[in-house]
Amino acid sequence: MTRPLTFLALALVFSPSAASAQLTLARDNPIVYGHHHIAASDINAHKKFFIDALGGAAGTFGPNKVEIVKFPNVLIFFRQQPPTGGTKGTTVNHIGFSVPDLKKAVARIKANGYPMITRGEVAATQQVVDDIAPVNANVSIAFTMGPDDVKVELVEQKQQTVPIALHHVHFFGPQNTEMQAWYAKVFGAKPRTGGNFPAADLPGVALNFSPSPDPVVGTAGRALDHIGFEFKDLEAFCKKLEGMGIKLAVTYRKAQAAGLGVAFVTDPWGTSIELNEGLGSVN
């Protein structure tokens with residue numbers, strides 16, 4: 001699939017950093033999570049969801065002031081393009097945010113008119129009260145569905161000092177343990193076991209990997225078109241990937257006007273991944 005790059009030229013207990021709405025962790029780490037990129041039927045509808053319902057901050061990127069939404073440790077980019085489907089059924093089933101008060105977050109989502117889908121997303125034996133599912137004495141979760149069927153999980157982190165922050169990206173696939181190993185090998189994520197599914201951690205984000213009994217498709221063209229990582233030396237990392245025998249879908253280039261380095265790679269299961277250097281300067 002040929003990917004338009006004009007926007008670039010224009011332009012379960014895991015504790016996230018208590019940071020302002022920018023990629024502050026990029027200052028001190030060679031690789032961090034960077035952004036979600038949404039293919040949107042209606043960009044304004046998505047902005048309403050991510051800002052009004054979830055509590056993100058409106059922002060812009062690049063000299064042409066491309067509109068984005070900012071959360072601590074993740075940026076949301078949009079492309080006006082009706083998606084071929086939602087996030088469920090793809091290799092990235094949903095994205096996750098953490099909040100200090102889940103009841104308050106759920107009330108805000110409902111007040112803005114978005115559905116809570118928690119009951120349908122947890123085991124039939126799992127208790128669900130007021131659209132919230134307790135996982136254990138310390139953790140509760142809830143699920144909502146945004147425009148274009150973007151599935152979002154909220155995880156309560158009572159000790160968190162910001163209203164909402166990036167928490168996790170949740171991959172689904174029949175080869176979930178192989179997925180974990182690939183992201184650990186390629187991106188240096190630290191593997192973690194012992195929960196309901198394998199995971200691997202990078203600063204500020206958990207990469208979770210659940211087994212899927214059904215086939216999944218890649219992300220390109222779906223509501224979450226691709227995910228993105230931020231690097232300190234992207235050109236060197238791209239050379240490292242090529243040395244590992246990993247072919248870049250888009251080779252390294254520098255968008256001088258935006259001060260942004262960019263490349264693309266696709267994981268073995270079809271997840272489209274953008275690689276950037278320069279998003280850490282967004283404030």
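Helices are DSSP runs of H or I with at least four residues and strands are DSSP runs of E with at least two, both numbered from the N terminus. The views show a predicted model, in which local features need pLDDT of at least 70 and side-chain atom pairs count only at pLDDT 80 or more, while totals for chains, interfaces and linings use all residues. Residues are numbered from 1 along each chain as its sequence is written, and side-chain values use heavy atoms, with hydrogens and water left out.

**View 1. The open sheet and the pairing of strand 5 with strand 9.**
Eight strands form an open sheet of mixed pairing, in the order 6-7-8-5-9-12-11-10, where two strands are said to pair if DSSP finds at least two bridges between them. Strand 6 and strand 10 (190-192) are the edge strands, each pairing on one side only. Within the sheet, strand 5 and strand 9 (residues 165-173) run antiparallel and are paired over six bridges, and one of the bridge partnerships sets serine 98 against alanine 165 in strand 9.

**View 2. Strand 7 and its two hairpins.**
Six of the six residues of strand 7 (residues 140-145) are buried, so this strand is largely enclosed by the rest of the structure; buried means under 20% relative accessible area, exposed over 50% and partly exposed in between, with a 1.4 Å probe and protein chains only. In a regular strand the side chains alternate between the two faces of the sheet. Here Ser140, Ala142 and Thr144 point one way from strand 7, whereas Ile141, Phe143 and Met145 point the other way, and all are buried. Strand 6 (residues 133-134) runs antiparallel to strand 7 and is joined to it by two bridges, with proline 134 standing opposite serine 140, and these two strands form a hairpin with five residues between them. Strand 8 (residues 151-156) is likewise antiparallel to strand 7, joined to it by five bridges, and leucine 154 in strand 8 stands opposite alanine 142. Strand 7 and strand 8 also form a hairpin with five residues between them, and aspartate 148 in that turn has a positive phi of about 60 degrees.

**View 3. Salt bridges between charged side chains.**
A salt bridge is a side-chain nitrogen of Lys or Arg within 4 Å of a carboxyl oxygen of Asp or Glu, and by this rule the count comes to seven. Among them is the pair of arginine 79 and aspartate 225, whose side chains meet at 3.4 Å, N to O. Arginine 79 lies in strand 4 (residues 74-80) and aspartate 225 in strand 13 (residues 224-231), so the pair ties together parts that are 146 residues apart in sequence. Both arginine 79 and aspartate 225 are buried.

Aspartate 131 forms a salt bridge with lysine 110, the closest N and O atoms being 2.5 Å apart. Aspartate 131 lies in the loop between helix 4 (118-121) and strand 6, and lysine 110 in helix 3 (residues 102-111), so this pair ties together parts that are 21 residues apart in sequence. Aspartate 131 is partly exposed because its relative accessible area is 22%, and lysine 110, at 41%, counts as partly exposed too.

The side chains of glutamate 156 and lysine 158 meet in a salt bridge at 3.1 Å, N to O. Glutamate 156 counts as buried because its relative accessibility is 9%, whereas lysine 158 counts as exposed at 59%. Salt bridges that share partners also join Lys88, Glu121 and Lys151 into one network.

**View 4. Threonine 90 and its side-chain contacts.**
Threonine 90 is placed in the loop between strand 4 and strand 5 (92-99), and this residue is buried because its relative accessible area is 2%. A polar contact is a pair of N or O atoms within 3.5 Å; within protein, one atom must be able to donate a hydrogen and the other to accept it, and residues adjacent in sequence count only if both atoms are side-chain atoms. A polar atom of the threonine 90 side chain lies 2.7 Å from the backbone oxygen of threonine 87, and the side chain of threonine 90 also reaches the backbone oxygen of valine 92 at 2.9 Å.

**View 5. The lining of the second largest pocket.**
A pocket, on a 1 Å grid over the protein atoms alone, is an open set of points where a 1.4 Å probe fits, with protein on both sides within 12 Å along at least five of seven lines, and lining residues have an atom within 4 Å of a point. The second largest pocket has a volume of about 230 Å³, a volume being the space filled by probe spheres set on the points, which are joined across faces, edges and corners. This pocket is lined by 13 residues, of which Val99, Lys104, Ala105, Arg108 and Pro163 lie nearest its centre. Helix 3 supplies the largest share of the lining, four residues. The lining divides into nine nonpolar, one polar and three charged residues, where Ala, Val, Leu, Ile, Met, Phe, Trp, Tyr, Cys and Pro count as nonpolar, Asp, Glu, Lys and Arg as charged, and the others, Gly among them, as polar.
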